[in-house]
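Here is a briefing on the strands and helices of one model and on how they pack. Please keep the structure in view while reading.

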Amino acid sequence: MKKIGFLMMALLAMLALLAAGCGGSQEAPKKAETEKVLRVGTEPAFAPFEFQKEGSDEFTGFDMDLIRAIGTKLGYKVEISSMGFDALIPALNSGNIDVAIAGMSITDERKKVVVFSDPYYTSGLIVMVKKDDDTIKGFSDLEGKRIAVQIGTTGANKAGEVKNAKVTAFKDNTAAAMELKNGGADAVINDSPVLKYYLQQGGSADAKVVGAVMNSEDYGIAVKKGNDKLAAEINKALAEMKQNGEYDKLYKTWFGEEKK
């Protein structure tokens, strides 16, 4: 009996080894797919397009809602990073971010170094002055004046065209507007929706916009040169949002009016 028991135990051990060998040859379960991440760069100092509410770390604004909605449509987790406006394109080209959205005007110069999505907003420049200033009625009255601008913007470029003007660039529009309020500047030049939003948020107590909107310009979402696949995906999602009403809803939320 002892001998038979020993043989039986040996046989069972062999069978167990064979079973383990067979199990090892089976294909291992596939790992869950890695979550797709869309790394977005912005400069949150351009309300109502991108900004941070006082006391909050969250990025908010029209651009922020738009890129999050686009990311959701494309199946991406959207991660937004804050950086200076002038750092956005270098960050794209170095591969540190996938997308830049920051009220960025589509210009021929920028198109040389990045790929833009289809336009998602049409803007223009306007002049803001102190509320009690009746001497400046528009851009043509700025010669020899002190002009505050936001660094890196087309408004800064436009101010550079004014003869004998003293142009001072600030990090954001709020700082430029404060320079006007405090008497350090005679005027501010920036994008029309940005200055109008500033006035709506309380700035109208001290300032007003004058003259006509100048230099109609389109905003685009920028991606790295050569990343045509991502640009095409963004365009497709943007077109769907415009068709199904999502874009119009966001537009009205942030600009208080229907898109014309």
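Helix α6 (residues 173–181) lies across β8, β9 (146–150), β10, β11 (187–191) and β12. Its direction is at about 160° to that of β11. The model is predicted. The points below take the sheet under α6, then a second sheet, then the helices, and last some local features.

**The sheet with β8 to β12**

- Five strands make up this open sheet, in the order β10-β9-β11-β8-β12. Their pairing is mixed.
- β10 (166–170) and β12 (207–219) are the edge strands, and each pairs on one side only.
- From one strand to the next, the twist averages 20°.
- Strand β8 (residues 121–130) and β12 run antiparallel and are joined by eight bridges.
- M128 stands opposite V209, a residue of β12.
- Helix α6 contacts both of the edge strands, since β10 and β12 are among the strands it lies across.

**The sheet with β1, β5, β6, β7 and β13**

- A further open sheet has five strands, ordered β5-β1-β6-β13-β7. The pairing here is mixed too.
- β5 (77–82) and β7 (114–116) are at the edges. Each has a single partner strand, so one side of each lacks a neighbour in the sheet.
- β1 and β5 are parallel and share six bridges. L38 has V78 in β5 as its bridge partner.
- β1 also runs parallel to β6, with two bridges joining them. V40 is bridged to V99 in β6.
- At the other edge, β7 pairs with strand β13 (residues 222–224) in the antiparallel sense, over three bridges. V115 has V223 of β13 as its bridge partner.

**Helices on that sheet**

- α2 lies across β1 (37–42), β5 and β6 (99–100). It runs at about 150° to β5.
- Helix α8 (residues 228–244) lies across β1, β6, β7 and β13. Its angle to β13 is about 155°.
- β1 and β6 are contacted by α2, and β1 and β6 are contacted by α8 as well.

**α2 against α8**

- How do the axes of α2 and α8 cross? They come within 9 Å, at roughly 105°.
- The two helices are therefore roughly perpendicular to each other.
- On the α2 side, the contact is made by L66, A69, I70, K73 and L74. On the α8 side, the residues are E233, I234, A237, L238, E240, M241 and N244.
- By class, this contact of α2 with α8 has eight nonpolar, one polar and three charged residues.

**α2 against α9**

- Helix α2 (residues 62–74) also packs with helix α9 (residues 246–255). The angle is about 160°, and the axes are 10 Å apart.
- That makes α2 roughly antiparallel to α9, because an angle over 145 degrees counts as such.
- The crossing of α2 and α9 is right-handed.
- F62, D65, L66 and K73 are the α2 residues that meet α9. Facing them in α9 are E246, Y247, L250, Y251, W254 and F255.
- By class, the contact of α2 with α9 has seven nonpolar, no polar and three charged residues.
- L66 and K73 appear in the contact with α9, and L66 and K73 are also listed in the contact with α8.

**Aromatic pairs**

- The structure holds 18 aromatic pairs.
- One of them joins F51 and W254, which are edge-to-face. Their centres are 5.9 Å apart, with 90° between the planes.
- F51 belongs to strand β3 (residues 50–52) and W254 to helix α9, so the pair ties together parts that are 203 residues apart in sequence.
- W254 is also among the α9 residues that meet α2.

**Backbone exceptions**

- Most residues other than glycine have a negative phi, and most peptide bonds are trans. Two sites depart from this pattern.
- Is the peptide bond from A47 to P48 cis or trans? The bond is cis, with omega near 10°.
- P48 sits in the loop between β2 (45–46) and β3.
- N164 has a positive phi, near 60°, although the residue is not glycine.
- N164 is placed in the loop between α5 (154–159) and β10.

How values were computed. Residues numbered from 1 in each chain as written. Predicted model: local features only at pLDDT ≥ 70, side-chain atom pairs only at ≥ 80, totals over all residues. Heavy atoms only, no water. Axes fitted to C-alpha atoms, helices over the stretch in contact; angles between N-to-C directions. Helix = DSSP H or I, 4+ residues; strand = E, 2+ residues; numbered from the N terminus. Parallel < 35°, antiparallel > 145°, perpendicular 65-115°, else oblique. Left-handed = near helix turned anticlockwise from the far one by under 90°. Contact = heavy atoms within 4.5 Å. Nonpolar A, V, L, I, M, F, W, Y, C, P; charged D, E, K, R; others polar. Pairing = 2+ DSSP bridges. Phe/Tyr/Trp six-rings, centres within 6.5 Å; stacked < 30°, edge-to-face > 60°.
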